[in-house]
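Work through the exercises below with the model open. Each task is followed by its solution.

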Amino acid sequence: MNIAVNKGRENVAMLGIGAYRPRRVVSNAEVCRMLDSTPEWIFERTGIRNRRWISGDETLQTMATAAGERAIVNSGVDRSKIGALVLATSSWLKLTPHGAPAIAFDLGMNGIPAFDLTSGCGGFGYGVGVAADLIRAGSAEYVLVIGAETMTVGLDPTDRGTAMIFGDGAGAVVVGPSEENGISPTVWGSDGENAGAIAQDVDFLEFMNKAQALQGTDPAVEPVGRMSLRMEGPRVFRWAAVTLPRALSAALEKSGVAKEDIEVFVPHQANGRINELMKKNLGLAEDIPMANDIENTGNTSAASIPLAIEEMLVTGKAKGGQLALVLGFGAGLSYAGQVVTLPPKPIEPSF
């Protein structure tokens, strides 16, 4: 007996993009009220002048829903045809229930397969790879991929390794069939040997035990107020300097596209210095536009690449249909990259 096999579409692309940027703009000067640093030092070391932080009624769920809605509208795809939702995030506040089903419901798509994908700052690249393969395998016709983070919820405002870097935001793309292929095979990987370079300072069990101590059940245990993200910046920088140029070269090789044909470079917005170094080491032309959304948005982890693409399209630094080399990297330590055709300029931008 032959078991049925799904028949998918070989050619896929990003058909529309949407984003949401929190209302609150936080300058380097404001960060320095709690941090032992100066605005000039922060910009010199990171390339960041401002970042966006959630405020008021803004949450990861509301941002992800807004970005997803804009992506659907900008794609022109009827939401009834979207067959799956992938939420790339590391800051959804609960393990159970996970976030994607609630966001699918908010978007009027209740009932579709919806799942969270946790791969740190490389999460969006992982999500795009999974979405493209779902369509090629025939498991869905269209997939909504959302990268959304509220990094500041777990931020220690006095930690020099993280407080100046991270921001909040959400970006989304609708991935679907196209006449010509617009998403190359994903180049991805991880380095668990260096996983501790970016990590929570306590695990959930340790946090709960110390939270009980805070209630007076065990005075001998030092209480803790929150779990915070810690990062060993120099260690991550050294890893990135060795690993990421190889990943970018592999992405180009797998795509079948020559380096000279790349028109836009969109690296994860982690650090301006790292991005400049990658561009130089890869040998990309100096006049190729490179995303610099980090300057006024900060590092938004899994949201950074779609936010950066949207910013470039809205401001005219890049155009729909151009070939872009993208690469996300971070916690894990992990990375994911592709060569993609940029989606059209958003009809409903986040600015």
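**Exercise 1.** Determine the handedness of the crossing of H7 and H8, and classify the angle between them.

Step 1. The crossing is right-handed; that is, the near helix is turned clockwise from the far one by less than a right angle. Helices (H or I, at least four residues) and strands (E, at least two) are DSSP runs, numbered from the N terminus.

Step 2. The axes of H7 (residues 233-255) and H8 (residues 272-282) come within 10 Å and cross at roughly 45°. Axes are lines fitted to C-alpha atoms, for helices over the stretch in contact, with angles from 0 to 180 degrees between N-to-C directions.

Step 3. H7 is therefore oblique to H8 (under 35 degrees is roughly parallel, over 145 roughly antiparallel, 65 to 115 roughly perpendicular, the rest oblique).

The model is predicted: local features need pLDDT of at least 70, side-chain atom pairs count only at pLDDT 80 or more, and totals for chains, interfaces and linings use all residues. Residues are numbered from 1 along each chain as its sequence is written, and side-chain values use heavy atoms, without hydrogens and water.

**Exercise 2.** Which strands form the open sheet, and in what order?

Step 1. The order of the four strands is S8-S13-S12-S11, with mixed pairing. Two strands pair if DSSP finds at least two bridges between them.

Step 2. S8 (187-190) and S11 (264-267) are the edge strands, each pairing on one side only.

Step 3. S8 pairs with S13 (residues 334-341) in the antiparallel sense over four bridges. Ser190 stands opposite Ser334 in S13.
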